Amino acid sequence: MAIKLSIIIPTRNRARMVQTLLDSLKEVAELERFLPEIIVGDNNSQDETWKLLHTLADVFPVPLTLIRVKRRGKSAVMNEASRAARGDVIAFLDDD
């Protein structure tokens, strides 16, 4: 039985940094084969982060789940994304 992996990425006002991280994830060998669940939690960014995430999600090789969390703080994003995660294992990546 395969283990399901959920990757959670909290971000706030770091459009270019989260884009760099997602670009590097696209390079993971056989990403499409093990199909991780990737959840990007935006902590109510005031820059172009939210719009950029939608643009990236349209062309990403595996589905990206985007959530917007209005309650301030990285822990709020991590908690909400954890509740949404369906994986057996959850990995947290920082956007930087």
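Select R71 to begin: with a relative accessible area of 60%, R71 is exposed, because anything over 50% counts that way. Keep in mind as you click around that this is a predicted model. R71 sits in the loop that links β3 (64-68) to α4 (74-84).

Now show what surrounds R71. Leaving out residues up to four places away in sequence, R71 touches N43 and A76. Draw a distance from R71 to N43: their C-alpha atoms are separated by 7.2 Å, although the two positions lie 28 residues apart along the chain count.

**Zoom out to the whole chain**

Switch to a cartoon view and colour by secondary structure. How many helices and strands does the protein chain have? There are four helices and four strands. Trace the chain along its sequence and you will meet them in the pattern β-α-α-β-α-β-α-β. The radius of gyration is 13 Å, close to the 12 Å that the globule rule gives for 96 residues, so the chain is as compact as a globular protein of that length. If you draw a box along the principal axes, the C-alpha atoms fill roughly 40 × 25 × 20 Å.

Turn on the surface next. The protein chain exposes about 5900 Å², and carbon and sulfur atoms supply 52% of that area. Of its 96 residues, 38% count as buried. Colouring by charge brings up 14 positive and 14 negative charges, whose mean positions are 7 Å apart.

One more overall point will help with the next stops. Among contacts with a separation of 6 or more, 79% are between residues 24 or more positions apart. Watch for partners with distant numbers as you go.

**Into strand β2**

Hide the surface and select V40, which lies in strand β2. Is V40 buried or exposed? Its relative accessibility is 0%, so V40 counts as buried. Show its contacts beyond four places in sequence: V40 touches I9, T11, V18, L22, L53, T65, L66 and I67. For a contrasting distance, pick R16: V40 and R16 are 24 residues apart in sequence and 14 Å apart in space, C-alpha to C-alpha.

Stay in strand β2 and select D42. D42 is buried too, with a relative accessible area of 0%. Display side chains here and look for S45, because a pair of N or O atoms within 3.5 Å can count as a polar contact. The side chains of D42 and S45 are joined by one of 2.4 Å. Beyond its neighbours within four places in sequence, D42 is in contact with T11, R12, T49, W50, L53, I67, R68 and V69.

**Across to helix α3**

From D42, move to A57 in helix α3. A57 and D42 are 15 residues apart in sequence, and their C-alpha atoms are 13 Å apart in space. A57 is partly exposed, with a relative accessible area of 22%. Setting aside residues up to four places away, A57 touches L64 and L66.

**Two asparagines with an unusual backbone**

Most residues other than glycine have a negative phi. Select N13 and N44 to see two exceptions. N13 has a positive phi of about 55° although it is not a glycine, and N44 likewise has a positive phi of about 55°.

Where does each one sit? N13 is in the loop between β1 (5-11) and α1 (15-26), while N44 is in the loop between β2 (37-42) and α3 (49-59). N13 is partly exposed, with a relative accessible area of 30%. N44 is partly exposed as well, at 21%.

**Last stop: D95**

Finish with D95, in the segment after β4 (89-92). D95 is buried, with a relative accessible area of 7%. Which side chains make polar contacts with the side chain of D95? One is T11, at 2.6 Å, and another is R14, at 2.9 Å. Widen the selection to everything D95 touches beyond four places in sequence, and you will light up I9, P10, T11, R12, R14, M17, V18 and L21.

Key. Residues numbered from 1 in each chain as written. Predicted model: local features only at pLDDT ≥ 70, side-chain atom pairs only at ≥ 80, totals over all residues. Heavy atoms only, no water. Rg over C-alpha atoms; globule rule 2.2 N^0.38 Å. Buried < 20%, exposed > 50% of the residue type's maximum accessible area, 1.4 Å probe, protein only. Contact = heavy atoms within 4.5 Å. Areas by Shrake-Rupley, 256 points an atom, 1.4 Å probe, with all protein chains shown as cover. Lys, Arg positive; Asp, Glu negative; His and termini not counted. Charge placed at Lys NZ, Arg CZ, Asp CG, Glu CD. Polar contact = N/O pair within 3.5 Å; in protein donor to acceptor, adjacent residues only side chain to side chain.
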